Every structure is written in C-alpha cells, then in structure tokens.
Amino acid sequence: MKKVEAVIRHFKLDDVKNALSEQGVFGMTVIEVSGYGRQKGHTETYRGTEYAVDFVPKKKIEIVCSDGNLQKVIDTILRTAQTGQIGDGKIFVTNLEDSIRIRTGETGEDAI
Amino acid sequence: MRTYFLRGRLACALIATLVGLLLCQPLAAQLIPEADDEPVAAERNVPVEAGNAGEVEIPEEEAPGLDSGDNAWMLTSSALVLFMTAPGLAMFYSGLVRKKNVLGVMMQCLFLMGLMTIVWSLWGYTLCFGGSNPYVGDLEFLFMNNVQPAWDAELGEPVTPMHGTIPEYTFMIFQGMFFIITPALICGAFAERMKFSAMAVFSVLWGTLVYCPLCHWVWDGGILAYGEADALAGGALDFAGGTVVHISSGISALVCAIFVGKRLGFGHDDMRPHSLTYTTLGAAMLWVGWFGFNAGSAGAANGLASNAFAVTHFSAAAGAVAWAMMEWILRGKPSVLGCASGAVAGLVCITPAAGFVLPMPALVMGASAGIVCYYACAVMKQSMGYDDSLDAFGVHGVGGTLGAVLTGVFASRHVCGDLTGGEPIGLYEGGGVSLVIGQIVAVLVTIAFSVVATVILLKLIDVVIGLRVTQESEIRGLDISEHGEEGYIFS
C-alpha cells in the first residue's frame, strides 16, 4: 500500500478528483495548506509599501492506494494538475504499513 | 493602586467641572450683553448662500424666516457628516491597521464623537463662531446661549434663534460634525502606538486651541476670510474645510507621526492592513458622507449646493481612477486600496473649492489629487522615512494643500458671481493671481500655526502623561492593552 500526497493548485482540485473517480480510485482527504517551493512566494503592495509573502496557499490531497494502482494515480494527477507554469506543486509517495476501516475493523487493502 | 486612585480623582474632577459649568450657565448668560433680552431671531439674519457659512455676509432687509427645505437639507447633511466619522472613518482606518489594533482605532473615532461634541457644546462653538473679533471668537454662544430657545416676554412664547433661513441649532450641529471628524483624521498618523488617554487630551486641546481659531479666522470673518477688511493678502476661499479641516489636521498629523516616533518593527515587520474589505466599505461611506460635508456647506438647499454636490462626486471619481491608473501603469496592478485612497484624495482636494469651481475643473482637481497624493504616500513617505501609519498627512495634508491652491486657480464667477460682482476671480478665468496668493498665504499661515501649536501640545502631554504606550503594550496590541477587549474571537 502507498500513500500519495500531492500539493496542487486550488482550481485543479475538481479536475483531479473527477479524473481519479473515472479511474476507479475513490477516497481522498483534502487539506488547505500554504508553503513555498521554487515559486518563492509573492509580493503585495499597499500604498507603495511592498511586503514579501513567503507562503503561497495550496491544496494538499492525500490518497491511499494499492501498489498496483500507484502509477495510475500518479499519472492521473500529473495529467490533470499540470499547467506548465511554475507553482504546479509536487507529489510525494510513501509506504504505508496498514489501514483500518473503523466501521468494520477490516485491515490492509480491504480497508482502502 | 496609585494610578487607579489618581484616575478616580481625575474622573471626579471632570464630573465636578461639568456640573459646575452647567450651574454657571445662567451666570454666563447674564455676563453676555443682550444675551436674553432681545428677540434673537432678528439678530443673525445672515444668509449663507454666497459662500460658506459666515464667510460672506450680505445684510437682508427683512428676516427671511425658517425655510423648511433648507433646514431639512442641512439636518440631513449634518447626519451625513457624522456618518463619515463612524462608521465611515472608523472602518476606513480600522481596516488599515493590524488586527490587534482594530478596536483601538474604532474606539478613537467613536469616543471622539462623544468627547468633541461635549467640547463643542460647552465652548467650541462660541470660540469658532462667536462675535466679530477677527482673531478669536467671543463668549456669545457659551454653553449654547443664543443657540437654544429663549423666552420672549413680548411674544409670550419661546423664540428659537435663527441663522439665515435655518435655526442656529442646525448651523451649530452641522459645524459641530466638522469639529468631531477633524481630530479623528489625525488619529491615522499615530495609530497603533499612542496612549488612549494622551489621544483624548490631545484632541480636546487641539480642537480648542487649533481648530477653533482657524475656523474663526476662515469662516467667521477672521484674518483668513476672503474679502474681509482684516484678511491677510485678501483672504482665502475655503468652502467646506480645505484649510480648516484637511490642512490643519494633515499637517498636525505629520507632526504627531514624527513626534511620537515610528511603530516598533516599522520597515521590517509585516504591517499589512488586516482588512481591506473594511477599508473599501469605509471609503465608500466617506464618499457618501462627503456630499453632506460639501453640499451642506452651501448652508441651504439651493443651486450652490447642487454645484457642490456634483463637483464633489466628479472629483472623487477622478481621484479614484487617477490613483488606480498610476498604480496600474507604474506597478502593473491597480490596487483596491489605491482606488479607495484616490477617491478620498479627490474628495479632500475638492473640499475647499466645492462652492467655487465648475465640474470640468473638478475632474482636473480630483485627478491631480490622485496623482500627487499617490506620490506623497508611495514615494515621499518612503524616502523621508516618517511613519504616518495610515497616511493622514499624505492624503489630507497634501490633498488639502493642493485643493486650497487649485481653488485659487479654478474658482469661477459662474459659480460664485456675487463674491466679485461678476468679475473674474480665479487665475484660470483671468482673475489674476491675487486669489492664488491669498490662498497660498492662508495655507502657509495654517501650516505654521498647526505645526507650532501641535508641537507645544505634544511636548506638554508627553511631559505630563506620556504619549506612547509601553513596548509590551504595543506588541500585544492596543485592543487588549488599552481597552481590555479583542476585535475577533472566532470560537
């Protein structure tokens, strides 16, 4: 099992979600986050005074999938969240030891 | 403990003074000659159509009596001007500070509505509009004598004193709204760091010792009033307060900003406005309220009021567009704060000219204000390094000065023909430079007087009670340290 965490642009969330659903991948956690990468924040100007704002607001989605579905999930996110402009975000993949469905007590891939 | 004891004593002394003043009222009335004996209705039959109230007096043969249309408009205007202080200015300013100071700024506006009104009712109005001495007002209206109704033994009924076609009450309350908002404007310069107590004491003293004389000089036939015998350089035109309100408060604001010092962390900490939503709404409220401010200064519901209304709107519109365009061209994006600031700058600039200029010059004046005030706030402030927190000087001082000078340029006999008997008056229509010189002299006198008086007051208050909050209080924010409250609790 893998956990895929992807930091994406706000307006790409619906596209990513719909595309993943079409691929048969269900279940997603969405979090409001802020941070910076190569984009390095932005500046705001108030009556001529400039302020550097380091952290850019983004959406982070977390998806747990089977090892077999991993590439499909990554490809889908890459395809739908990409604009080609700086600030498109990143995808992180980690190994997941276990998952448990609280309602039934199922574990492992059955609980995804 | 000692502080609370002193505060208690101070509060008792204040209440005792107020009660004493009220008890003294009949005595004061007796001291003022002819205060109660004459039917006062006929005493001040001065139409105010020909310029701002009290500025140009044309004697009438018959008492015109109350005009309900004029009175209705002036009462409406008074309410509109009050609306400018709170919520207008309160929201405009409070959105521009950090969220830990939002209540502090709102409180200053709200509290001054109360405090300055009391000062106005006791001695402010009479110092502004009492008597005919060109330098200082007398005690004619002390404690609202000769404003409030008096019993007329001959008629066997109470008589309400009149001011032209409106009751003296209406004129008094309209002018009182100006007295409230002027010190509130200064609060923008020392926002986020001044003691509330120091602000209150400063406002009372500044209103009494700076606003009242200036108001008397400009609007009650004093040394800056256009066409008066004692006027310096022929006097100046100031329809609704370019000199009295905006230059005086703007210049004093700059002095305050320099004297009180920069905010902790100025130049490197994040001091972004916490809610430009408030600021935008506040600016829009100021725009609406300004119709009362300027069109009400006609003193009647007449053609002059319509001219003032139209040019006020035009100037604000041009100011909003000009400032936003400057940012669009120079920085790539027109900001909301720039648009709001430009509208206020346009309103400030047209204020002295509203009853003297035509609509097309008003567009020019508004656009000039948008550009010049943009430079004052975005370039001059940065290069000179003072911390005028909310740009009270950059908008009101600079915009007011520009407006006063441009009034001399664009004043037209088409609007104020009866001032000159139909002769050209402004530089633009061939009236020569005399009016421009009069305007500049009035500006210089106002600046010099405001600077000297404000420095003395600030020094005095600094020695006695201190001007600035402690560093710890400033870091925590004035909402908690000065008022014990928080603006936002989302739980």
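How many salt bridges does the rule find across the interface of chain A and chain B? The exercises below concern this interface in a predicted model.

**Exercise 1.** Determine the number of salt bridges between the two chains and describe one of them.

*Solution.* The criterion requires a side-chain nitrogen of Lys or Arg within 4 Å of a carboxyl oxygen of Asp or Glu. Under this rule, three salt bridges are found across the interface of chain A and chain B. One pairing joins the side chains of A:E44 and B:R272, with an N to O distance of 2.9 Å.

**Exercise 2.** Establish the extent of the interface and identify which three residues of chain A supply 70% of the area that this chain buries against chain B.

*Solution.* Begin with the residues: nine from chain A are in contact with 17 from chain B. Next, take the area: about 1,100 Å² is buried between the chains, and carbon and sulfur atoms give 53% of this value. Finally, the 70% share on chain A comes from A:Y46, A:R47 and A:Y51, more than any other three residues supply.

**Exercise 3.** Count the polar contacts, then state which element gives the largest share of the side of chain A that touches chain B.

*Solution.* Five residue pairs, both members at pLDDT 80 or more, are in polar contact across the interface of chain A and chain B. On the chain A side, β3 (42-46) and β4 (49-53) each supply at least two residues. The largest share, four residues, belongs to β4(A). By class, this side of chain A holds three nonpolar, three polar and three charged residues.

**Exercise 4.** Characterise the annotated domain of chain B.

*Solution.* An unreviewed UniProt entry places "domain: Ammonium transporter AmtB-like" at residues 72-488 of chain B. That span is 66% helix and 2% strand, and its end C-alpha atoms lie 39 Å apart.

Technical notes. Residues are numbered from 1 along each chain as its sequence is written. Chains are lettered from A and ligands numbered from 1 in the order in which they are written. Side-chain values use heavy atoms; hydrogens and water are left out. Contact means heavy atoms within 4.5 Å. Buried area is the accessible area (1.4 Å probe) that two parts lose on being put together, summed over both. A polar contact is a pair of N or O atoms within 3.5 Å; within protein, one must be able to donate a hydrogen and the other to accept it, and residues adjacent in sequence count only if both atoms are side-chain atoms. Ala, Val, Leu, Ile, Met, Phe, Trp, Tyr, Cys and Pro count as nonpolar, Asp, Glu, Lys and Arg as charged, and the others, Gly among them, as polar. UniProt positions are given in the numbering used here, feature names are shortened, and annotations may be inferred rather than shown by experiment.
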